[in-house]
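Reader: I would like a close look at a single part of this protein. Please keep it brisk.

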Amino acid sequence: MRRKDAELPKHRRPTRVRHTVAALVVAAASSAVVLGANAWAAEGETRVLEPAVTRIGDLPDGAAVTRGGPPAAGHALAKVERRRARAVKAAREVRQQRAAASRSASRTVSFGDPRSIARSMMAERYGWGAGEFSCLDTLWEHESSWDPRAENPSSGAYGIAQALPGSKMSTAGSDWQTNTATQISWGLAYIRQSYSTPCGAWSAWQSKGWY
């Protein structure tokens, strides 16, 4: 017959009990982990396991610990900057287009048909119509034939309106010697101040031979 376990020496007793206890401990731990995971799911939360970060010692001055992931704030700021840059570019292009149109209009006014310039300017500034333009046309045709470089060799009168001296027209613009619009602007203002209307200036010219 085999002897009972109690009768065996301690060093020869079986280890089945210790193994059983260890297995129960492992199983209990596994169940706790599963139950913990289920509890999280029951709460309706999303758990993202992140790697643990272990810091050994103090960080040096100026150092910072950052968490990985998409820099949302940086992307938003970059988008705002791109929009601002596009808006600035669009505004610059509009200014350039307006400046080009203004230069084109200036060239047209300065070097276009003198009669057309005068007709438009006198209507816009003084409200003079076709009848007054007819008097102006006759007057300046006698004076200079509408030539912005016409110069009277005896008196020195210059330009379409035959200003005497020609430098008087500098009050209308520094380009009075070459700019048709500048000369017309000065001539119309002079007529308004001295004779009220082009027909008044033409009437004076007819009686005196000058105005």
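Which residues does Ser144 touch, not counting residues up to four places away in sequence?

Author: A caution before the details: this is a predicted model. Ser144 touches Ala150, Gly159, Ile160 and Gln162, leaving aside residues up to four places away in sequence. Ser144 sits in helix 4. Its relative accessible area is 7%. Buried means under 20%, so Ser144 counts as buried.

One of those contacts leads to the largest pocket. Gln162 touches Ser144, and Gln162 is also among the lining residues closest to the centre of the largest pocket. The volume of this pocket is about 220 Å³. It is lined by 14 residues, and the closest to its centre are Glu143, Ala157, Gln162, Leu164 and Tyr211. Helix 4 and helix 5 are the elements that each give two or more residues to the lining. By type, the lining divides into eight nonpolar, four polar and two charged residues.

Helix 4 also has a part in packing. The buried residues of helix 6 pack against helix 4 (130-144), as well as helix 3 (114-126) and helix 5 (180-195). Helix 6 covers residues 198-208, and its buried residues are Pro198, Ala201, Trp202, Ala204 and Trp205. Seen down the helix axis, they fall within an arc of 160 degrees, so they line one face of helix 6. An α-helix has 3.6 residues a turn, so residues three or four places apart point the same way. On the other side of helix 6, Gln206 and Ser207 are exposed. Gly209 follows helix 6, with a positive phi near 85 degrees.

How values were computed:
Residues are numbered from 1 along each chain as its sequence is written. This is a predicted model: local features need pLDDT of at least 70, side-chain atom pairs count only at pLDDT 80 or more; totals for chains, interfaces and linings use all residues. Side-chain values use heavy atoms; hydrogens and water are left out. Buried means under 20% relative accessible area, exposed over 50%, partly exposed in between (1.4 Å probe, protein chains only). Helices (H or I, at least four residues) and strands (E, at least two) are DSSP runs, numbered from the N terminus. The arc is that of the directions from the helix axis to the C-beta atoms. Contact means heavy atoms within 4.5 Å. On a 1 Å grid over the protein atoms alone, a cavity is a set of points where a 1.4 Å probe fits but cannot get out, and a pocket is an open set with protein on both sides within 12 Å along at least five of seven lines; lining residues have an atom within 4 Å of a point. Grid points are joined across faces, edges and corners, and a volume is the space filled by probe spheres set on the points. Ala, Val, Leu, Ile, Met, Phe, Trp, Tyr, Cys and Pro count as nonpolar, Asp, Glu, Lys and Arg as charged, and the others, Gly among them, as polar.
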